[in-house]
Each structure stands twice: as C-alpha cells, then as structure tokens.
Amino acid sequence: MYVNPLGGWFDFSNKSIKDKTPFASGATGITLNTNSAPIPSATRNDTCFYIAIRPSNFLNLSISFTIKDPTTNVTTTITHANWWTGTFEAGKIYDYTAWLDKDIKNYSSKYYMWDANTANDDYWHGVEAYQPKINGQQDHTHYPTNPTDWRWYNTLPYPAQATRHSALSPGVNGIRWIVEQAETWFDNQTVWSVMGHLYRSGVWVKVPAGYSDAAAPDGKDYRSNNQNAAYAKSYTHNSRPSNTTGLLYFPLLGWYENGKLIDVGKRVGYWTSSLRPEYNYVYVLYFTDNNLMDVSSPYWERKYGLKNLTLTGNIE
C-alpha cells in the first residue's frame with residue numbers, strides 16, 4: 001500500500017496516469033544525488049535540476065538539501081518543511097529556488113594585527129587575491145611585515161591599552177571572568193562558514209554575574225600590575241545548549257601567523273584590549289576543540305592576524 005506516492009512506475013495512457021497507484025517502485029520521497037554539483041554563487045539560474053512528481057489533487061511537499069564541503073568534510077542538511085501544499089497539475093513546471101546558506105552564518109574574511117588603525121586596515125586589505133583560505137596555506141609576500149605598512153599593529157608600550165581598532169574589546173580582567181566563572185558549552189553541531197568553506201566548531205558562553213573589566217574575579221587589575229594573568233580551564237559542557245537565548249557564540253575562526261592560516265575550525269584566539277607585561281605580547285581569549293580555553297600564555301604576538309573580541313554577540 002502506498003500513501004501519496006510521489007514517484008515510481010506508473011501506467012500512462014493518453015498523456016495521463018491511468019492508475020494513480022504505481023505498479024512498481026512507489027515512494028513517498030524522492031532523492032536526487034547530484035554528486036559533485038557546485039552550489040551557485042550568485043545568480044538564481046546557475047544550476048538547475050528537474051524532478052518528475054506524480055500529478056495529484058493534493059500533495060504536501062517538504063524539501064531537504066544535504067550539502068558537503070569537500071575541503072573540510074563538513075556536511076549539513078537544510079530543510080524547507082511544507083514547501084508546497086495543494087494541487088500538482090500534469091504537464092506543469094513548479095519552480096523552487098533554493099537559498100542554501102540562508103541560515104548559515106558567514107563570518108568576514110578580515111583578520112587584524114593587534115589594534116590596527118581602522119576596520120579597513122585588515123591583514124590582507126588590498127591583496128585579498130593572495131589571502132590563504134585553507135588551513136596550512138601560506139603567502140610569504142603580501143601580509144604586513146614592517147612598521148611602515150598601514151596595516152601594522154599599535155606599538156604602544158605596556159601598560160597602555162588599545163586605542164584604535166581593538167579599543168572596544170574587553171581587557172584581560174574581563175576574559176579572566178569568562179574563563180574562570182562563565183558557564184560554557186562546546187558545540188560541534190552549529191554549522192557556519194568563512195572564506196567559502198563550512199565548519200562546525202564553536203563555544204557558547206553565558207557571561208557570569210559580577211562580570212567586570214575593571215578587576216578580575218580575584219580583585220586584581222591585571223591590565224597594569226605586571227603580574228601574569230594566564231588561566232586555563234575546561235568547558236562546563238561538551239554539547240550544544242538546548243536554549244541559546246542570552247548566550248554568546250564564539251566560532252573557532254583560527255588566525256594568521258606570518259602569512260599562514262592556522263587551525264580554522266579547531267582553535268581561535270581573540271584580541272583583547274590589554275597588552276601583556278612581556279614585550280610585544282597581547283592577552284588573548286583562546287578556545288580550542290580539545291576541551292580547553294584560557295587567558296593566553298605569552299604566545300600571541302601583536303603581529304599575528306586575529307579577530308577582535310566582542311561580548312556583544314557580533315563577531316565579525
């Protein structure tokens with residue numbers, strides 16, 4: 001017995017279905033495997049597929065698309081439930097235009113040296129054609145390499161705080177609150193994209209009560225006391241939260257180091273507004289896919305290309 005079969009082997013006579021019950025291979029769903037068909041980049045008619053569906057006086061159709069990034073091996077399914085309810089007439093074409101990335105957050109390809117002059121002075125500004133977009137790729141020529149480059153970092157000495165593009169980022173005291181006191185969830189389900197590829201690693205954070213950028217939870221002001229503020233901790237949960245209302249999401253967007261793209265989808269460092277006491281190092285909020293977050297050890301040099309930290313939920 002077939003309930004509203006969409007396809008199968010039917011008996012056609014005089015250009016119509018003689019019997020609406022298929023005599024073979026009846027199915028309530030149809031799968032089209034396109035193998036390596038590319039996703040259109042701009043215009044609506046770049047890629048078209050046709051599926052023949054049995055005419056019916058009443059159909060309730062849902063459409064799902066499963067897409068896979070062959071570079072990152074991330075797969076996700078986009079579903080349009082109840083796309084069509086009603087009559088499907090014989091001989092007619094019913095158009096459906098897929099908006100595959102509608103609910104996939106796409107992050108900017110812009111990364112910055114610490115406290116660059118402006119939002120337009122990103123690491124690859126003006127030379128985007130040379131920007132590495134896959135982990136491990138490196139360009140040796142076009143990223144900023146000396147202080148005369150307009151994309152260069154702010155050279156202020158410790159204990160000065162950021163005054164330019166990283167000035168709105170929280171300082172070291174704030175990220176001590178996040179790492180020490182926040183409830184956190186590592187999420188390997190939510191799919192997002194950057195530089196044309198799909199990834200699915202990120203961390204949800206509930207900003208703790210008592211949060212302050214003026215002093216860390218221990219009451220100290222690590223912005224200027226010459227003390228090491230490094231602090232590491234595991235995540236509170238290792239699954240996506242059931243309710244994300246009021247939480248902040250931090251994708252693992254990687255970073256650039258000497259023109260090389262490092263660990264997108266695996267790790268991330270976010271610039272704070274605070275310098276470390278050690279020469280040319282900056283405090284960074286660091287997340288990994290290995291159950292670890294920390295207020296950085298002295299690893300992050302001002303010359304690396306990172307995203308700026310924000311606690312507004314608007315990661316660029």
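Two residues are taken to be in contact when heavy atoms of theirs lie within 4.5 Å. The structure described here is a predicted model, and the contacts reported below were computed from it.

By this criterion, and leaving out residues up to four places away in sequence, D294 touches V179, Y231, A232, V284, L285 and Y286. D294 belongs to strand β18, which spans residues 293–295. Because its relative accessibility is 12%, and buried residues are those under 20%, D294 counts as buried. The separation between D294 and I178 is 116 residues along the sequence, whereas in space their C-alpha atoms are 9.1 Å apart. A polar contact was also found for this residue, since the side chain of D294 reaches the backbone nitrogen of S296 at a distance of 3.4 Å.

A second aspartate, D139, is placed in the loop that runs between β7 (105–107) and α1 (172–181). D139 is likewise buried, and no salt bridge is formed by D139, the nearest side chain of opposite charge being that of R151, at 8.1 Å. A salt bridge requires a side-chain nitrogen of Lys or Arg within 4 Å of a carboxyl oxygen of Asp or Glu, so the distance of 8.1 Å to R151 does not qualify. The side chain of D139 does, however, reach the backbone nitrogen of H142 at 2.7 Å. When residues up to four places away in sequence are not counted, D139 touches W124, Y130, P132, N258 and G259.

Turning to the nonpolar residues, I63 is found in strand β5, which covers residues 56–68. With a relative accessibility of 18%, under the 20% limit, I63 therefore counts as buried. Once its neighbours within four places in sequence are set aside, the residues in contact with I63 are I78, T79, H80, W83 and Y96. Of this group, Y96 is 33 residues from I63 in sequence, while the C-alpha atoms of I63 and Y96 are 9.5 Å apart in space.

Another isoleucine, I30, is located in the loop between β4 (24–27) and β5. Its relative accessible area of 36% falls between the limits of 20% and 50%, and I30 is therefore classed as partly exposed. Together with L32, F49 and I51, I30 makes up a nonpolar patch on the surface, with an area of about 360 Å².

Notes: Residues numbered from 1 in each chain as written. Predicted model: local features only at pLDDT ≥ 70, side-chain atom pairs only at ≥ 80, totals over all residues. Heavy atoms only, no water. Helix = DSSP H or I, 4+ residues; strand = E, 2+ residues; numbered from the N terminus. Buried < 20%, exposed > 50% of the residue type's maximum accessible area, 1.4 Å probe, protein only. Polar contact = N/O pair within 3.5 Å; in protein donor to acceptor, adjacent residues only side chain to side chain. Lys, Arg positive; Asp, Glu negative; His and termini not counted. Patch = residues over 30% accessible without salt bridge, like charges linked within 9 Å, V, L, I, M, F, W, Y side chains within 5 Å. Areas by Shrake-Rupley, 256 points an atom, 1.4 Å probe, with all protein chains shown as cover.
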